[in-house]
Amino acid sequence: MKLLPCSAAKTTSPVTQNTVEDEMEMATVRHRPEALELLETQSKFTKKELQILYRGFKNECPSGVVNEETFKEIYSQFFPQGDSTTYAHFLFNAFDTDHNGSVSFEDFVMGLSILLRGTVQEKLKWAFNLYDINKDGYITKEEMLDIMKAIYDMMGKCTYPVLKEDAPRQHVETFFQKMDKNKDGVVTIDEFIESCQKVSTQ
């Protein structure tokens, strides 16, 4: 749950803190999740698991949503040796399926459901959506290069062996040689899924 906490004002005085929280409560339109019963039918979590997830999410995100800046701040704690800002941006957009600039409990649950308990096809579709930065249904070399550079930035300069400057571009070329079956310069979701499944069975 530490992946998606929301920032909260902190003061030393309990009275002041209560006042700040009261003002935040009145000023913020709170997001209410869909009924947990509906989420249970849509996700691969049980009602009990959803209740636990919701308690944790609300504890960290009282407003019921997390914005991109907070998401980036939290994600950076997992990769202190590098700059995870760009990769966190791409990851946030993959969770923010309705593209409204925030990740709600529903967004979080549905993404987590796929990543933890989805079928191979569902996980690959989610990964494709992550790589397809402009969401046009194709992965271009430029998009893949942006993702690779973001991953290398996130890993930092302290890797062993030390990575060469052109390593991201080399990875992209290798990726496209394997994935771009018809050599048209873009990778479709069908090409992506087919190639990934072949690799996993070899």
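Here a colleague asks a modeller how some descriptions of this predicted model are reached.

Colleague: Let's start with the overall layout. How many helices and strands are there in the protein?

Modeller: The protein has ten helices and four strands. Going along the sequence, their order is α-α-α-β-α-α-β-α-α-β-α-α-β-α.

Colleague: What share of the residues is buried, and what supplies the exposed surface?

Modeller: Of the 202 residues, 37% are buried. About 12,200 Å² is exposed, with carbon and sulfur atoms supplying 55% of that area.

Colleague: What makes Lys183 count as exposed?

Modeller: Its relative accessibility is 58%, and the label "exposed" asks for over 50%. Lys183 therefore counts as exposed.

Colleague: Nice and clear! Where does Lys183 lie, and which residues is Lys183 in contact with?

Modeller: You will find Lys183 in the loop between α9 (167-179) and β4 (186-188). Setting aside neighbours within four places in sequence, Lys183 is in contact with Phe176 and Gln177.

Colleague: Why is the pair Lys183 and Gln177 called a polar contact?

Modeller: A polar atom of the Lys183 side chain lies 3.3 Å from the backbone oxygen of Gln177. The cut-off for a polar contact is within 3.5 Å, so the distance fits.

Colleague: Now to Glu143. How do you know that Glu143 has no salt bridge?

Modeller: The nearest side chain of opposite charge belongs to Lys135, 7.6 Å away. A salt bridge needs the two charged groups within 4 Å, so Glu143 has none. Glu143 is nonetheless buried, and its place is in helix α8 (residues 141-155).

Colleague: Which backbone nitrogen lies 3.1 Å from a polar atom of the Glu143 side chain?

Modeller: That is the backbone nitrogen of Ile133. Ile133 is also among the residues that Glu143 touches, together with Tyr131, Asp132, Asn134 and Tyr138, when residues up to four places away in sequence are not counted.

Colleague: One last topic, confidence. What is the mean pLDDT of the protein, and where does pLDDT stay under 50?

Modeller: The mean is 82, and 78% of the residues reach 70 or more. Over residues 7-17 the pLDDT is below 50, and this stretch has four contacts beyond near neighbours in sequence. Residues 20-29 stay under 50 as well, and there the model has four contacts beyond four places in sequence.

Colleague: How should the coordinates be read where pLDDT is low?

Modeller: Where pLDDT is low, the predicted coordinates should not be read in detail.

Notes. Residues are numbered from 1 along each chain as its sequence is written. This is a predicted model: local features need pLDDT of at least 70, side-chain atom pairs count only at pLDDT 80 or more; totals for chains, interfaces and linings use all residues. Side-chain values use heavy atoms; hydrogens and water are left out. Helices (H or I, at least four residues) and strands (E, at least two) are DSSP runs, numbered from the N terminus. Buried means under 20% relative accessible area, exposed over 50%, partly exposed in between (1.4 Å probe, protein chains only). Accessible areas come from the Shrake-Rupley method with a 1.4 Å probe; for residues, only the protein chains shown count as cover. Lys and Arg count as positive and Asp and Glu as negative; His and the chain ends are not counted. A polar contact is a pair of N or O atoms within 3.5 Å; within protein, one must be able to donate a hydrogen and the other to accept it, and residues adjacent in sequence count only if both atoms are side-chain atoms. Contact means heavy atoms within 4.5 Å. pLDDT is the predictor's confidence in each residue, from 0 to 100.
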